[in-house]
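User: I'm new to protein structures and would like to learn how to read one. Can you walk me through it?

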Amino acid sequence: MTEKELLAVACEQFLGKNVQDVKNVVLQTLEGHLRSILGTLTVEQIYQDRDQFAKLVREVAAPDVGRMGIEILSFTIKDVYDKVDYLSSLGKTQTAAVRRDADIGVAEAERDAGIREAECKKEMLDVKFMADTKIADSRRAFELQKAAFTEEVNIKTAEAQLAYELQSAREQQKIRQEEIEIEVVQRKKQIDVEEKEVIRKEKELIATVKRPAEAEAYRIQQIAEGEKVRQVLMAQAEAEKIRKLGEAEAFVIEAIGMAEAEGMKLKAEALQRYGEAAQLALMLDALPEIAAKVAAPLSKVDEIVVLSGESSSTTSEVNRLLAEIPASVRAITGVDLTKIPLIQKATGAQA
């Protein structure tokens with residue numbers, strides 16, 4: 001021990017002795033306590049519980065060696081044996097029991113291992129099935145999500161494309177509008193230039209053409225106005241002449257009309273007074289004109305051939321033509337000859 005008091009005790013006990021002497025003293029002390037403890041234990045206890053045996057020795061021997069200034073740090077029993085092989089026989093029995101228990105344990109372990117293996121396989125299959133199901137569900141969800149993402153991407157792509165096209169169309173429209181504005185500005189400038197050119201040319205024409213033309217036009221206008229006045233005077237004179245002639249002709253026409261009206265009045269009175277005789281006279285007066293109109297086309301005919309059936313004759317054809325004369329006269333003159341008794345008698349006799 002390193003404490004001063006115990007170290008002093010050790011020096012008193014072992015001063016002048018070598019290391020082997022110190023070992024012998026300690027060994028004898030431990031053997032003495034070992035023998036005393038062996039007397040209190042059975043052989044089976046000593047053999048089977050060596051740690052407890054060593055612990056008892058260490059507890060009993062520690063105070064004695066401590067008084068010699070020595071401390072027991074460790075004490076173990078390597079082996080326990082006897083000369084008559086009693087302990088070895090106990091070992092064999094124990095070994096057989098241990099082996100038997102080991103075989104039983106091995107068999108039970110193998111059985112349990114088989115059962116456990118089957119259970120593990122079943123659990124593995126169940127887990128595999130659940131894992132496969134989850135994988136299938138995950139794959140299906142992944143495919144559905146992928147399809148949804150693809151659809152969304154396509155929609156977004158289409159929207160982006162449409163937005164791009166719309167934006168491009170807007171930009172093109174803006175560009176075209178700016179081009180139109182530029183063209184309008186250019187056109188306005190061109191119109192300004194053209195207007196200025198027109199003004200310049202107009203001033204030039206005024207200076208070179210208009211003013212001389214105005215002078216010439218004024219001269220011609222004066223001449224035309226004089227000619228117009230002359231023509232107006234002549235027209236007035238001619239109109240006065242025509243008016244005078246018209247008044248004279250109107251007087252003559254009026255006189256002739258009055259005479260004709262008086263003649264017609266007298267004729268009407270005569271027709272009323274003389275009745276059929278007057279009508280016959282009028283008809284006879286009109287017959288030469290009718291005959292002339294009917295014969296006018298025939299004057300251009302050289303020869304007339306009358307075709308008729310066997311039972312007819314020229315006389316009958318003539319009579320038929322005569323019967324058609326009143327209708328022709330009525331169509332030409334408006335006079336109905338069938339109402340005259342004499343004509344009625346003539347046509348009736350022919351019929």
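Analyst: Sure, starting with helices: helices (H or I, at least four residues) and strands (E, at least two) are DSSP runs, numbered from the N terminus. Here, Ala-8 sits in helix 1, residues 4–14. This is a predicted model, where local features need pLDDT of at least 70 and side-chain atom pairs count only at pLDDT 80 or more, while totals for chains, interfaces and linings use all residues. Residues are numbered from 1 along each chain as its sequence is written, and side-chain values use heavy atoms, leaving out hydrogens and water.

User: Is Ala-8 buried, exposed or partly exposed?

Analyst: Buried means under 20% relative accessible area, exposed over 50%, and partly exposed in between (1.4 Å probe, protein chains only). Ala-8 has 38% relative accessibility, so it counts as partly exposed. Its C-alpha atom is 7.7 Å from that of Gly-69, though they're 61 residues apart along the chain.

User: And what about Thr-29: buried or exposed?

Analyst: Thr-29, which lies in helix 2, counts as buried because its relative accessibility is 18%.

User: Which residues does Thr-29 contact, leaving aside neighbours within four places in sequence?

Analyst: Contact means heavy atoms within 4.5 Å. On that basis, Thr-29 touches Asp-64, Val-65 and Met-68.

User: Which residues of helix 4 meet helix 2?

Analyst: Among them are Phe-53, Leu-56 and Val-57, while the helix 2 side includes Thr-29, Leu-30 and His-33.
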